[in-house]
Amino acid sequence: MTAPALLAPRRAGHLKVCGARTRADLALLADTGPTLVGLWHGVPGGPADLEADRLADLAATAIRLGLEPVLVTFLDDARKIAALARATGIRWIQLHAYQSPALVADLREQLPYAVLVKVLHLSRGRCLERAFTGAFERAGCDLFLLDTVTDDGRVGSTGQALDPAHVHALLPRLTIPFLLAGGLNTTNRDTYRTVTDHPLYAGADIDTAARDRTGRFTHEAVTALTRAWHPRLQETPA
Ligand SMILES: O=C(O)c1ccccc1NCC(=O)[C@H](O)[C@H](O)COP(=O)(O)O
């Protein structure tokens with residue numbers, strides 16, 4: 001017997017777009033297909049960093065529009081992060097710096113309901129947290145997010161693609177799902193077929209390719225990314 005159509009998943013994983021700054025950004029994203037929106041707080045000097053009250057306003061707007069807000073942060077104070085999550089209603093937390101497994105354990109205790117995402121940084125193909133993936137999992141991490149570190153040490157929104165071979169070298173170490181990031185766009189979608197076919201693949205995370213040259217999200221760019229990275233299952237090429 002086949003499962004009732006209503007219960008069948010309709011999408012292949014998540015699509016997260018990072019760095020929303022305004023309600024208009026959120027309206028555009030809600031209209032074009034992503035499931036998750038990254039809101040930055042505690043990213044010093046980041047162009048999309050939000051003050052706490054603005055973060056709360058955008059998180060509430062995202063939820064109202066049917067998007068799941070994700071707090072993207074370099075903060076490494078569990079109490080501060082937990083307080084922010086409680087105050088804003090944000091359930092997904094993306095630790096994008098070099099936070100420790102101990103911080104993840106602390107956060108897990110304070111926020112049992114939260115979805116905790118730890119970024120694994122790949123520098124020249126090597127994962128800098130390679131020795132700690134098991135510790136992050138035991139600490140209560142729900143998802144990893146694989147992203148690029150540039151040769152000069154920049155992290156986040158680098159627009160630089162990972163080599164799929166380097167991703168595959170890391171995957172046997174993981175037992176929890178992962179999001180893929182790092183310079184994903186519409187033209188390199190096919191390069192990652194073997195990665196996105198992996199049973200632990202949970203979706204794609206994109207910033208640079210969702211924007212035009214002035215740094216603004218565009219309807220056209222995000223719609224094209226949704227088609228490439230987050231199609232309805234019946235649209236997925238065999
Ligand atoms: O987006 C940023 O500029 C950023 C800055 C500091 C920390 C994290 C940041 N972004 C996090 C993301 O999740 C991005 O979507 C991810 O790095 C992919 O970006 P891109 O390679 O530009 O698609």
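**Group meeting: the ligand site and the cores**

Let's start at the ligand. One of its oxygen atoms sits 3.1 Å from an N or O atom in the Gln94 side chain. That fits the distance for a polar contact (a pair of N or O atoms within 3.5 Å; within protein, one must be able to donate a hydrogen and the other to accept it, and residues adjacent in sequence count only if both atoms are side-chain atoms). Asp147 has a polar side-chain atom 2.5 Å from a ligand oxygen. For Asp207, the distance is 2.8 Å. The protein covers 96% of the 520 Å² of accessible area that the ligand has on its own (Shrake-Rupley method, 1.4 Å probe).

A word on the model. It is predicted: local features need pLDDT of at least 70, side-chain atom pairs count only at pLDDT 80 or more, and totals for chains, interfaces and linings use all residues. Numbering runs from 1 along each chain as its sequence is written, and side-chain values use heavy atoms, without hydrogens or water.

Now the inside. The largest nonpolar core (buried Ala, Val, Leu, Ile, Met, Phe, Trp, Tyr and Cys residues joined through side-chain atoms within 4.5 Å) has 59 residues. Leu146 and Trp229 are among those with the most contacts inside it. Apart from this core lies another, of 15 residues, including Val43 and Ala181.

Last stop, Thr196. Is Thr196 buried or exposed? Its relative accessibility is 12%, so Thr196 counts as buried (under 20% relative accessible area; exposed is over 50%, partly exposed in between; 1.4 Å probe, protein chains only). Its side chain makes a polar contact of 3.2 Å with that of Arg189.
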